[in-house]
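Please look through the sequence and the structure shown below before reading on. The briefing after them is arranged by topic, so that each point can be checked by eye.

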Amino acid sequence: MSVERGSQRLTAICSSDALEVGGLGVRFGVVDENDTWPAFVVRHSQGLAAYINRCAHLALELDWDNGLFFDVDQRHLICTTHGALYTADTGECVSGPCNGSGLEALKVVEARGTVYLSDPRYVGFCE
Ligand code: FES
């Protein structure tokens, strides 16, 4: 479901209840003028964060099971393939073979119990 807010188009991703701090993330997809990309949103200790689901090491999705993005301490996001660690709030790489790069962040907002994609570069859709 998409809603307009001013000149901005918001795409509903999930209910706010679906995201617990350090818990499972919600996978969704985004479309730009070139392609379709897998994406995800998680709730961390300071709020929400969403990213393109593509490791900075190799162009592979991070989660080893649907929505499992956090490492065991529930602080960092981890890539299942070779263990690269990213900060949950910025997507910056802090450990592992991510070549000094981070995750591509997406803008999201939370309002009235729903999490929305609010990134003008992309149109979102639920998987
Ligand atoms: S593909 Fe993610 S760490 Fe290698």
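**Salt bridges, a pocket and unusual backbone angles**

Asp-63 counts as buried, because its relative accessibility is 10%, and the cut-off for buried is under 20%. The model is a predicted one, and a search of the whole of it finds six salt bridges. One of these salt bridges joins the side chain of Asp-63 to that of Arg-27, with a distance of 2.9 Å from N to O.

**The pair Arg-27 and Asp-63**

- Arg-27 belongs to strand β3 (residues 26-31), while Asp-63 sits in the loop between β5 (47-52) and β6 (76-78), so their salt bridge ties together parts that are 36 residues apart in sequence.
- Arg-27, like its partner, counts as buried, since its relative accessibility is 17%, and Asp-63 has 10%.

**The pair Glu-110 and Arg-43**

- A salt bridge also forms between the side chains of Glu-110 and Arg-43, where the N to O distance is 2.7 Å.
- Because Glu-110 is part of strand β10 (residues 108-111) and Arg-43 is part of strand β4 (residues 36-44), this pair ties together parts that lie 67 residues apart in sequence.
- Is each partner buried or partly exposed? Glu-110 counts as partly exposed at 38% relative accessibility, whereas Arg-43 counts as buried at 15%.

**The pair Glu-104 and Arg-121, and a network**

- Glu-104 and Arg-121 form a salt bridge in which the closest N and O atoms are 3.3 Å apart.
- Glu-104 is found in the loop between β8 (93-95) and β9 (105-106), and Arg-121 in the loop between β11 (114-117) and β12 (123-126), so the salt bridge ties together parts 17 residues apart in sequence.
- Both residues count as partly exposed, Glu-104 with a relative accessibility of 25% and Arg-121 with one of 44%.
- These two residues also belong to a network of salt bridges that links Arg-54, Glu-104, Asp-119 and Arg-121.

**The largest pocket**

- The largest pocket holds about 160 Å³ of space, and the residues that line it include Val-21, His-44, Phe-70, Gln-74, Arg-75 and Asp-89.
- Sorted by class, its lining is made up of three nonpolar, six polar and two charged residues.

**A nonpolar surface patch**

- Val-31, Val-123 and Phe-125 together make a nonpolar surface patch of about 190 Å².
- Within this patch, Val-123 is placed in strand β12, and Val-123 is partly exposed, with a relative accessible area of 30%.

**Residues in loops**

- Which sign does phi have in most residues other than glycine? Most of them have a negative phi.
- Gln-74, although not a glycine, has a positive phi of about 60 degrees; this residue is in the loop between β5 and β6 and is partly exposed, with a relative accessible area of 46%.
- Arg-112 is likewise not a glycine and has a positive phi of about 50 degrees; Arg-112 is in the loop between β10 and β11 and counts as exposed, at 86% relative accessibility.
- Gly-83 lies in the loop between β6 and β7 (85-87) and counts as partly exposed, with 27% relative accessibility.
- From C-alpha to C-alpha, Gly-83 and Asn-66 are 16 Å apart in space, and in sequence they are 17 residues apart.

Notes:
Residues numbered from 1 in each chain as written. Predicted model: local features only at pLDDT ≥ 70, side-chain atom pairs only at ≥ 80, totals over all residues. Heavy atoms only, no water. Salt bridge = Lys/Arg side-chain N within 4 Å of Asp/Glu carboxyl O. Helix = DSSP H or I, 4+ residues; strand = E, 2+ residues; numbered from the N terminus. Buried < 20%, exposed > 50% of the residue type's maximum accessible area, 1.4 Å probe, protein only. 1 Å grid on protein atoms, 1.4 Å probe; cavity = no way out; pocket = protein on both sides within 12 Å on 5 of 7 lines; lining within 4 Å. Points joined across faces, edges and corners; volume = space filled by probe spheres on them. Nonpolar A, V, L, I, M, F, W, Y, C, P; charged D, E, K, R; others polar. Patch = residues over 30% accessible without salt bridge, like charges linked within 9 Å, V, L, I, M, F, W, Y side chains within 5 Å. Areas by Shrake-Rupley, 256 points an atom, 1.4 Å probe, with all protein chains shown as cover.
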